[in-house]
Amino acid sequence: MLNYLLRRSLAAVPVLLLVSLLSFGIIWLVPGDPTASFVDASASAEQLARLRHELGLDEPLWTQMLHWYGRILTGDLGQSILLRRSVFAALVERLPVTLSLAGLALAMAVLLGVAAGIVAAMRRGTRADQTVMTLALMGLSVPDFWLGLVLIVTFAVGVGWLPSGGFVPISESPSGWLASMAMPALTLALVQMGFIARMTRSAMLDVLHQDFVRTADAKGLSHGFVVLRHALPNAMMPILTVIGIIAGSLLGGAVVVEQVFSLPGVGRLIIGAIMSRDFPVIQGGLLFLALIYLAINLGVDLLYAAIDPRVRL
């Protein structure tokens with residue numbers, strides 16, 4: 001297992017290098033002078049030149065890139081121009097909000113999506129199967145920002161059950177945290193739930209017709225026990241693949257959902273940095289999210305190896 005973990009970790013290095021290069025180069029793809037947003041319109045050329053010198057933008061491109069990689073190796077993502085503080089500290093401060101949102105959404109999507117896919121596979125061709133697949137298709141087709149607005153109008157404005165925005169730390173009030181996270185997490189989960197349900201149904205249908213399932217049924221075991229104890233573990237490989245993809249996409253979806261529900265997470269920090277052209281935060285935030293995404297993929301690979309030893313070979 002250790003050798004397998006080492007191989008998968010080394011395979012992630014080229015991806016991380018490419019992402020870091022894109023994160024560095026993104027500021028040069030944005031039109032205009034990045035320093036223009038931080039000075040008055042009446043600023044003189046000398047003031048602009050002084051600010052560019054402070055930010056290191058007057059150095060050659062290759063020199064800036066070497067400084068960028070040198071800071072990354074030491075864990076330094078630079079200083080935010082707008083916040084006047086470390087980018088790494090700002091990201092870590094907002095990370096619990098994003099992780100709690102993505103984690104709760106993933107738990108909802110996996111539990112409901114896998115359950116719906118199992119029901120659809122066991123009731124293949126029935127009205128229950130058609131209903132589950134129709135709802136799954138609807139979930140895949142609905143934009144998350146639109147769904148979030150509908151939930152706000154329904155449950156916050158309409159019946160007043162949940163707050164329309166804001167965040168309550170779980171350390172202050174678990175019930176307040178759940179209330180503030182319920183609609184944002186449901187917004188992300190409903191969009192991804194259909195993907196998991198469709199993949200679960202497909203994987204379960206492949207397994208339910210295999211000989212070992214028929215043998216377990218012939219022994220007199222209850223069909224529900226056979227499905228959960230024998231069929232589902234053998235169908236988990238493609239389901240885990242989908243879950244890993246969704247876990248990463250939830251981080252991207254959180255960028256939009258945090259803006260809709262006014263959550264002080266990493267996504268909203270990056271959106272604010274884009275609007276104010278705070279390029280150190282943009283570069284550091286993209287690299288930070290890429291690291292989390294790679295960690296998720298590595299965790300999924302380890303689950304592969306734990307479920308099926310053949311993967312390690």
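**Exercise 1. Describe the overall make-up of the protein chain.**

Solution. Buried residues account for 39% of the 313 residues in the protein chain. The model is a predicted one. Next, take the secondary structure: the chain has twelve helices and zero strands. Then turn to contacts. Of those with a separation of 6 or more, 75% are between residues 24 or more positions apart. Last, the surface: the accessible area of the chain is about 16,700 Å², and carbon and sulfur atoms contribute 68% of that.

**Exercise 2. Decide whether threonine 200 is buried or exposed, and list its contacts outside its sequence neighbourhood.**

Solution. Start with the location: threonine 200 sits in helix α7, which spans residues 174-208. The relative accessible area of threonine 200 is 0%. Buried means under 20%, so threonine 200 is buried. Now set aside the neighbours within four places in sequence; threonine 200 then contacts Gly113, Val114, Gly117, Ile118 and Ile239.

**Exercise 3. Find which helix gives the most to the nonpolar surface patch, and classify leucine 149 by accessibility.**

Solution. First name the members of the patch: Phe145, Trp146, Leu149, Val150 and Val256. Together they have about 450 Å² of accessible area. Next, assign the patch to an element. Helix α6, residues 144-158, gives the most, with four residues. Leucine 149 belongs to helix α6. Finally, check its accessibility: the relative value for leucine 149 is 46%. The partly exposed class lies between the buried limit of 20% and the exposed limit of 50%, so leucine 149 counts as partly exposed.

Methods
Residues numbered from 1 in each chain as written. Predicted model: local features only at pLDDT ≥ 70, side-chain atom pairs only at ≥ 80, totals over all residues. Heavy atoms only, no water. Patch = residues over 30% accessible without salt bridge, like charges linked within 9 Å, V, L, I, M, F, W, Y side chains within 5 Å. Areas by Shrake-Rupley, 256 points an atom, 1.4 Å probe, with all protein chains shown as cover. Salt bridge = Lys/Arg side-chain N within 4 Å of Asp/Glu carboxyl O. Helix = DSSP H or I, 4+ residues; strand = E, 2+ residues; numbered from the N terminus. Buried < 20%, exposed > 50% of the residue type's maximum accessible area, 1.4 Å probe, protein only. Contact = heavy atoms within 4.5 Å.
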